[in-house]
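Work through the exercises below with the sequence and the coordinates open. Each task is followed by a solution in steps.

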Amino acid sequence: MLVFTLASVSLVIIIGIGLYYRSIPVLNNSSWGQLLSSSVWKPMKGLFGFYPFIMGTLWVTAISIIIALPLCLLTSFYLSEYAHTRIKRVLIPFVNLLSGIPPVIFGVWGVLFIVPFVQNQIAPHFVEFSTGYSVLAGGLVLAVMIFPLIVSIVNEVLNTIPQELKDASLALGATKWETIKKVTIRKALPGIVAATVLAISRAFGETIAVLMVCGNNAIVPHSVFDAGYPLPALIANNYGEMMSIPLYDSALMFAALLLFIIILLFNVISRIILNRLERNLAG
Amino acid sequence: MIKRKLEELFIKILMIIATIIVVGSFFLIVGTIFSKGVPYMSWDMISKIPGGGFYIGKEGGVLNAIIGSLYVAGGATILGLIISIPVAIFINMYLTGKNFITDILRTVFDVLFGIPSIVYGAFGFLIMVYFGLRTSLLGGIIAVTLLVIPLLVRTLDEVIRTVPGELRDAALSLGSTRWETAKVVLRQIRPGIFTAILLSFGRGIGDVASVLFTAGFSDNIPTSLHEPAATLPLAIFFQLGSPVEEVQGRAYASALILTIVVLIITVLSEILIKKFSKHKI
């Protein structure tokens, strides 16, 4: 038991070391700074600039959070403060069902629904032409994917807020919304931040659904209708050829290492906040 | 006063709209998959492996991918359970009172749970390269096992924590060892273990990024651990990329199959969780 526990816990370190070890060749070839800031991506010439991919990831992640966060906060407030228990009991299972849907299905849905929607309904109002395969499509699909995560965590956080606090505010004549605005949000803020950070890290690492709708063009996107090429998509798409070009596999492992480090940091931060909240409640 | 009331009303309407969007997106997704997938659905899809010329729109089905996915998800869940049941018991039975350590362990598993599947896929690939394995069923199972261990440990841990401490104390005070007590606890949480199995199976069967590097793809049903295995999500992904309309249609039908399987699994686990929390003392 001790062995299994130690082995699975040390997975965090082993993954990091393993990925780093495999990235050494490309790191010997060019420095961290070069890899992160160059936008020249020519694997045949041994030039690996990750800047466009990092920007692609940041664009889709930012779009998804901007769309999902307000919607999810409003939904969580509605479910925990306004909705009748019966409505809650009907609605919450659907949020859970949404979280069970596999990424590839989100991808198929994105291709069938979101991409044409962006191409025909949204893009014509802003730009002359867009294929629909864009960072906006990626962001929209991701937003729906992180709905259940944010809603369920924020709901749990809201449940930890003492009813007496809200009652006190309501008894002073504040409306429900004023109570949420001035009491609940303030008290729940760390939890909401933690949920957001978790959602960001989920969006960061999501691969297949984004890959299917994002256009996968190795340029830095300048508008939401441009195609982008997020890091995970880069890894997944080029796996087939990576063994035939020198340093290519090492560069892809470096991409995986980057993702791993960023997501690890985000996760540790948000988990520490959430655990502290939980302990405060218990104590 | 009127302004405050209006604000309240306005925000309430916004909230209801947001809730409709969030919950509605589920129906939108399932609806899209059903309406596109049903016309291409046929008995051949789930009963035949790809025939000659399958990828230009001729005869065949995705039985290879269905079986492959069942193998990968099933194998990973079994392997995962063998590892995570002892871990969950260790955290809860052997480390009682050492809150600092258990807190750290739980946090680590939460963090592992958040690592994206593409990283597990890349890491699984590294393991395979290290041991000289080629893409195979075994490789896929290893990668998915890594992916589901955190999920299994955290679920089992939560379930074991619901077992009343008195039960443990009673067993221990009767002179049983910690391991014997653990067996009592395990019997108590049987429905919880089923929930964990379902969750892990659902995650394993739907994941692409972890099997992309590791399981490979094959038109045949794998007969040994060392053969490459097709998986359903990967089959969907490949077929969707085809320019042939017939093949794209099969991607929709495959997506429909996967959606139905996953929905059944999720609903079952929801029911189990409800039942379990009802019997909680």
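**Exercise 1.** Determine in which hand α6(B) passes α9(B), and describe the contact of the two helices.

Solution.
Step 1. The crossing of α6(B) with α9(B) is right-handed; a crossing has this hand if the near helix is turned clockwise from the far one by less than a right angle, and is left-handed if anticlockwise. This is a predicted model, in which local features need pLDDT of at least 70 and side-chain atom pairs count only at pLDDT 80 or more, while totals for chains, interfaces and linings use all residues. Residues are numbered from 1 along each chain as its sequence is written, and chains are lettered from A and ligands numbered from 1 in the order in which they are written.

Step 2. The elements are helix α6 (residues 137-161) of chain B and helix α9 (residues 190-206) of chain B, packed at an angle of about 155 degrees with axes 9 Å apart. Helices (H or I, at least four residues) and strands (E, at least two) are DSSP runs, numbered from the N terminus. Axes are lines fitted to C-alpha atoms, for helices over the stretch in contact, and angles run from 0 to 180 degrees between N-to-C directions.

Step 3. Because of that angle, α6(B) is roughly antiparallel to α9(B). The classes are roughly parallel under 35 degrees, roughly antiparallel over 145, roughly perpendicular from 65 to 115, and oblique for the rest.

Step 4. On the α6(B) side the contact includes V144(B), L147(B), V148(B) and L151(B), and on the α9(B) side it includes G192(B), I193(B), T195(B) and A196(B). Two residues are in contact if their C-beta atoms, placed from the backbone, lie within 7 Å. The residues of the contact of α6(B) with α9(B) comprise 10 nonpolar, five polar and one charged. Here Ala, Val, Leu, Ile, Met, Phe, Trp, Tyr, Cys and Pro count as nonpolar, Asp, Glu, Lys and Arg as charged, and the others, Gly among them, as polar.

**Exercise 2.** Classify the packing of α3(B) against α9(B).

Solution.
Step 1. The axes of helix α3 (residues 63-94) of chain B and α9(B) come within 9 Å and cross at roughly 135 degrees.

Step 2. At this angle α3(B) is therefore oblique to α9(B).

Step 3. The hand of the crossing of α3(B) and α9(B) is right-handed.

Step 4. From α3(B) the contact takes S69(B), V72(B), A73(B), A76(B), T77(B), G80(B) and L81(B), and from α9(B) it takes I197(B), S200(B), F201(B), G204(B) and I205(B). Seven of these contact residues of α3(B) and α9(B) are nonpolar, five are polar and none is charged.

**Exercise 3.** Repeat the analysis for α8(A) and α9(A).

Solution.
Step 1. Helix α8 (residues 163-171) of chain A and helix α9 (residues 176-205) of chain A pack at about 160 degrees, with axes 10 Å apart.

Step 2. The angle makes α8(A) roughly antiparallel to α9(A), and the crossing of α8(A) and α9(A) is right-handed.

Step 3. L165(A), K166(A), S169(A) and L170(A) of α8(A) meet T179(A), K182(A), V183(A), T184(A) and K187(A) of α9(A). This contact of α8(A) with α9(A) has three nonpolar, three polar and three charged residues.

**Exercise 4.** Characterise the side of chain B that touches chain A.

Solution.
Step 1. The contact joins 62 residues of chain B to 64 residues of chain A.

Step 2. Helix α1 (residues 2-37) of chain B supplies 19 residues, the largest share of the chain B side.

Step 3. That side of chain B consists of 43 nonpolar, 10 polar and nine charged residues.

Step 4. The predictor gives the complex an ipTM of 0.89 and a pTM of 0.90.

**Exercise 5.** Summarise the elements, the domains and the confidence of the chains.

Solution.
Step 1. Chain B has 12 helices and zero strands, whereas chain A has 12 helices and two strands. Along the sequence, chain A runs α-α-α-β-β-α-α-α-α-α-α-α-α-α.

Step 2. The C-alpha trace of chain B spans about 70 × 70 × 30 Å along its principal axes, and the C-alpha atoms of chain A fill a box of roughly 70 × 60 × 30 Å.

Step 3. An automatic or database domain assignment splits chain B into domain 1 (2-40) and domain 2 (47-279). Their C-alpha centres lie 31 Å apart, and the contact takes seven residues from domain 1 of chain B and seven residues from domain 2 of chain B.

Step 4. The mean pLDDT (the predictor's confidence in each residue, from 0 to 100) is 86 in chain B, where 95% of the residues score at least 70. In chain A the average is 87, and 98% of the residues score at least 70.

Step 5. Within chain B, confidence is lowest in helix α2 (residues 43-47), at a mean of 78, and highest in α1(B), at 93. Within chain A, the lowest mean is 82, in strand β1 (residues 41-42), and the highest is 93, in helix α4 (residues 51-82).
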